[in-house]
Amino acid sequence: MKLVRFLYNGREQYGDLQADTIRLLDGALDTGFTPSDKCAARADVRLLAPVRPSKAVCIGLNYMDHIIESHEKVPTSPVVFIKPSTAVIGPGGRIGYPAQSKRVDYEGELAIVIGRRAKNVPEHEAASHILGYTCANDVTARDLQPSDGQWSVAKGFDTFLPLGPCVDTEADPSGLPIRTILNGRTVQNSNTRHLLFKPLWI
(Lines give C-alpha, C1' and ligand atoms only; values in the text may rest on other atoms or scores of the structure.)
Protein backbone atom coordinates (compact mmCIF):
# COMPACT_ATOMS: atom_id res chain seq x y z
CA MET A 1 0.00 0.00 0.00
CA LYS A 2 1.08 3.57 -0.70
CA LEU A 3 -0.47 5.39 2.24
CA VAL A 4 -1.26 9.08 1.84
CA ARG A 5 -2.84 11.69 4.12
CA PHE A 6 -4.78 14.46 2.43
CA LEU A 7 -7.50 17.07 2.59
CA TYR A 8 -10.64 16.21 0.63
CA ASN A 9 -13.96 18.01 0.88
CA GLY A 10 -12.64 19.90 3.87
CA ARG A 11 -11.71 16.76 5.81
CA GLU A 12 -8.38 15.17 6.63
CA GLN A 13 -8.41 11.58 5.39
CA TYR A 14 -6.14 8.64 4.63
CA GLY A 15 -6.02 6.72 1.40
CA ASP A 16 -4.13 4.27 -0.77
CA LEU A 17 -2.50 6.03 -3.74
CA GLN A 18 -3.12 4.16 -6.99
CA ALA A 19 -1.71 6.08 -9.98
CA ASP A 20 -4.00 9.13 -10.36
CA THR A 21 -6.64 7.79 -7.99
CA ILE A 22 -6.76 7.51 -4.21
CA ARG A 23 -8.87 4.81 -2.59
CA LEU A 24 -10.18 6.16 0.70
CA LEU A 25 -9.42 4.13 3.82
CA ASP A 26 -11.43 3.58 6.98
CA GLY A 27 -9.59 3.34 10.29
CA ALA A 28 -6.56 5.00 11.85
CA LEU A 29 -2.79 4.60 12.02
CA ASP A 30 -2.82 3.04 15.46
CA THR A 31 -5.66 0.58 14.76
CA GLY A 32 -5.10 -0.19 11.08
CA PHE A 33 -6.96 0.56 7.86
CA THR A 34 -9.49 -1.16 5.64
CA PRO A 35 -10.26 -0.06 2.07
CA SER A 36 -13.59 1.64 1.49
CA ASP A 37 -15.60 1.66 -1.73
CA LYS A 38 -14.91 5.39 -2.23
CA CYS A 39 -12.24 6.93 -4.41
CA ALA A 40 -10.97 10.44 -5.10
CA ALA A 41 -8.98 11.82 -7.99
CA ARG A 42 -5.49 12.85 -6.93
CA ALA A 43 -6.06 16.17 -8.66
CA ASP A 44 -9.01 16.88 -6.34
CA VAL A 45 -7.11 16.52 -3.05
CA ARG A 46 -4.30 18.38 -1.28
CA LEU A 47 -1.63 15.99 -0.14
CA LEU A 48 -0.29 16.47 3.38
CA ALA A 49 2.72 14.91 5.05
CA PRO A 50 1.75 11.22 5.14
CA VAL A 51 2.29 11.06 8.91
CA ARG A 52 2.52 13.50 11.82
CA PRO A 53 5.50 12.32 13.87
CA SER A 54 6.08 13.55 17.41
CA LYS A 55 9.72 13.95 16.39
CA ALA A 56 12.20 12.66 13.84
CA VAL A 57 15.26 10.83 15.12
CA CYS A 58 17.93 11.34 12.49
CA ILE A 59 21.35 9.88 11.73
CA GLY A 60 23.83 12.36 10.26
CA LEU A 61 26.76 11.60 7.95
CA ASN A 62 25.31 8.22 7.08
CA TYR A 63 25.95 7.98 3.32
CA MET A 64 29.54 7.37 2.26
CA ASP A 65 29.16 9.51 -0.86
CA HIS A 66 27.82 12.41 1.23
CA ILE A 67 30.73 12.05 3.65
CA ILE A 68 33.16 12.22 0.74
CA GLU A 69 31.52 15.27 -0.85
CA SER A 70 31.42 17.02 2.53
CA HIS A 71 35.10 16.26 3.23
CA GLU A 72 34.13 14.87 6.63
CA LYS A 73 35.73 12.11 8.67
CA VAL A 74 33.95 8.78 8.60
CA PRO A 75 32.15 8.51 11.96
CA THR A 76 32.81 5.45 14.11
CA SER A 77 29.39 5.66 15.79
CA PRO A 78 26.06 7.11 14.62
CA VAL A 79 25.70 10.90 14.73
CA VAL A 80 22.21 11.33 16.21
CA PHE A 81 20.10 14.49 16.16
CA ILE A 82 16.42 15.35 16.50
CA LYS A 83 14.05 17.32 14.29
CA PRO A 84 10.87 18.58 16.01
CA SER A 85 7.36 17.96 14.76
CA THR A 86 7.13 21.64 13.73
CA ALA A 87 9.74 20.96 11.03
CA VAL A 88 7.37 18.64 9.13
CA ILE A 89 5.63 19.80 5.98
CA GLY A 90 3.97 17.90 3.15
CA PRO A 91 4.97 17.39 -0.48
CA GLY A 92 5.01 20.64 -2.39
CA GLY A 93 5.04 22.66 0.83
CA ARG A 94 7.04 25.86 1.03
CA ILE A 95 10.34 25.74 2.90
CA GLY A 96 10.87 28.91 4.91
CA TYR A 97 14.37 30.35 4.74
CA PRO A 98 15.58 31.66 8.13
CA ALA A 99 16.63 35.31 8.03
CA GLN A 100 19.87 34.50 9.84
CA SER A 101 21.02 31.96 7.24
CA LYS A 102 22.60 32.61 3.88
CA ARG A 103 22.94 28.95 2.84
CA VAL A 104 20.04 26.52 3.06
CA ASP A 105 20.86 23.05 1.70
CA TYR A 106 18.88 19.99 0.65
CA GLU A 107 19.61 16.42 1.80
CA GLY A 108 17.51 13.64 0.34
CA GLU A 109 16.94 10.84 2.84
CA LEU A 110 15.15 7.55 3.46
CA ALA A 111 12.66 7.96 6.32
CA ILE A 112 11.58 4.93 8.34
CA VAL A 113 8.03 5.35 9.65
CA ILE A 114 7.23 3.72 12.98
CA GLY A 115 3.63 2.56 12.90
CA ARG A 116 2.88 2.05 16.59
CA ARG A 117 4.11 3.36 19.90
CA ALA A 118 7.30 1.60 20.96
CA LYS A 119 9.96 1.84 23.65
CA ASN A 120 12.86 -0.42 24.64
CA VAL A 121 12.09 -2.74 21.75
CA PRO A 122 14.42 -5.76 21.41
CA GLU A 123 16.46 -5.78 18.21
CA HIS A 124 14.75 -8.90 16.90
CA GLU A 125 11.33 -7.18 17.17
CA ALA A 126 12.30 -3.81 15.71
CA ALA A 127 11.16 -4.47 12.15
CA SER A 128 7.67 -5.44 13.32
CA HIS A 129 7.07 -1.86 14.50
CA ILE A 130 7.72 -0.35 11.07
CA LEU A 131 4.76 0.87 9.03
CA GLY A 132 6.83 1.58 5.92
CA TYR A 133 9.17 4.04 4.27
CA THR A 134 8.87 7.50 2.80
CA CYS A 135 10.98 10.27 1.29
CA ALA A 136 12.45 12.99 3.47
CA ASN A 137 14.39 16.16 2.85
CA ASP A 138 16.75 16.91 5.73
CA VAL A 139 16.84 20.66 5.06
CA THR A 140 19.84 22.29 6.73
CA ALA A 141 20.96 25.87 7.31
CA ARG A 142 24.52 24.89 6.52
CA ASP A 143 26.13 28.12 7.67
CA LEU A 144 24.51 27.69 11.10
CA GLN A 145 25.78 24.14 11.56
CA PRO A 146 28.65 24.17 14.08
CA SER A 147 31.56 21.74 13.95
CA ASP A 148 30.88 20.47 17.48
CA GLY A 149 27.96 18.31 16.35
CA GLN A 150 25.18 20.40 17.94
CA TRP A 151 23.01 20.46 14.84
CA SER A 152 19.54 21.21 16.22
CA VAL A 153 19.63 24.90 15.33
CA ALA A 154 20.76 24.31 11.76
CA LYS A 155 18.32 21.47 11.10
CA GLY A 156 15.35 22.15 13.37
CA PHE A 157 13.71 25.24 11.86
CA ASP A 158 10.00 25.15 10.99
CA THR A 159 9.42 23.55 7.55
CA PHE A 160 12.87 21.89 7.52
CA LEU A 161 11.51 18.33 7.13
CA PRO A 162 9.39 17.81 4.02
CA LEU A 163 7.94 14.27 3.98
CA GLY A 164 6.12 12.20 1.40
CA PRO A 165 4.16 11.99 -0.71
CA CYS A 166 3.34 8.50 0.59
CA VAL A 167 4.42 5.79 3.00
CA ASP A 168 5.23 2.68 0.99
CA THR A 169 4.33 -0.23 3.25
CA GLU A 170 5.85 -2.85 0.93
CA ALA A 171 9.16 -1.25 -0.09
CA ASP A 172 12.42 -3.18 0.26
CA PRO A 173 14.81 -0.65 1.83
CA SER A 174 17.98 -2.58 1.04
CA GLY A 175 18.58 -1.03 -2.39
CA LEU A 176 16.40 2.05 -2.83
CA PRO A 177 17.64 4.94 -4.97
CA ILE A 178 17.91 8.25 -3.11
CA ARG A 179 17.65 11.07 -5.62
CA THR A 180 17.24 14.81 -5.08
CA ILE A 181 16.03 17.00 -7.95
CA LEU A 182 16.34 20.78 -7.78
CA ASN A 183 14.61 22.84 -10.49
CA GLY A 184 14.61 19.86 -12.84
CA ARG A 185 18.28 19.02 -12.25
CA THR A 186 19.49 15.95 -10.34
CA VAL A 187 21.74 17.23 -7.56
CA GLN A 188 22.03 14.07 -5.45
CA ASN A 189 22.01 10.48 -6.63
CA SER A 190 22.73 7.75 -4.12
CA ASN A 191 21.32 4.46 -2.85
CA THR A 192 20.49 2.94 0.51
CA ARG A 193 23.22 0.38 -0.23
CA HIS A 194 25.67 3.16 0.68
CA LEU A 195 24.31 3.64 4.20
CA LEU A 196 27.12 3.48 6.73
CA PHE A 197 24.93 2.57 9.72
CA LYS A 198 22.19 0.44 8.25
CA PRO A 199 18.86 -0.43 9.82
CA LEU A 200 19.16 -3.87 11.41
CA TRP A 201 17.01 -5.61 8.80
CA ILE A 202 18.93 -4.36 5.73
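What is the volume of the largest pocket? About 1,900 Å³, as the legends below explain. This is a predicted model, where local features need pLDDT of at least 70, side-chain atom pairs count only at pLDDT 80 or more, and totals for chains, interfaces and linings use all residues. Residues are numbered from 1 along each chain as its sequence is written, and side-chain values use heavy atoms, leaving out hydrogens and water.

**View 1. The largest pocket and its lining.** A pocket is an open set of points on a 1 Å grid over the protein atoms alone, where a 1.4 Å probe fits, with protein on both sides within 12 Å along at least five of seven lines; lining residues have an atom within 4 Å of a point. Its volume is the space filled by probe spheres set on the points, which are joined across faces, edges and corners. Among the 45 lining residues, Lys 55, Val 57, Ile 112, Val 113 and Ile 114 are the closest to the centre. Strand 10 gives the most to this lining, with 6 residues (strands are DSSP runs of E, at least two residues, numbered from the N terminus).

**View 2. The second largest pocket.** Here you find about 650 Å³ of space. Of its 27 lining residues, Thr 134, Cys 135, Ala 136, Gly 164 and Pro 165 lie nearest the centre. Strand 11 gives the most to this lining, with 5 residues.

**View 3. Thr 140 in strand 12.** Look for Thr 140 in strand 12, which covers residues 140–141. Thr 140 is buried (under 20% relative accessible area, 1.4 Å probe, protein chains only), because its relative accessible area is 0%.

Methods. Helix = DSSP H or I, 4+ residues; strand = E, 2+ residues; numbered from the N terminus. Buried < 20%, exposed > 50% of the residue type's maximum accessible area, 1.4 Å probe, protein only.
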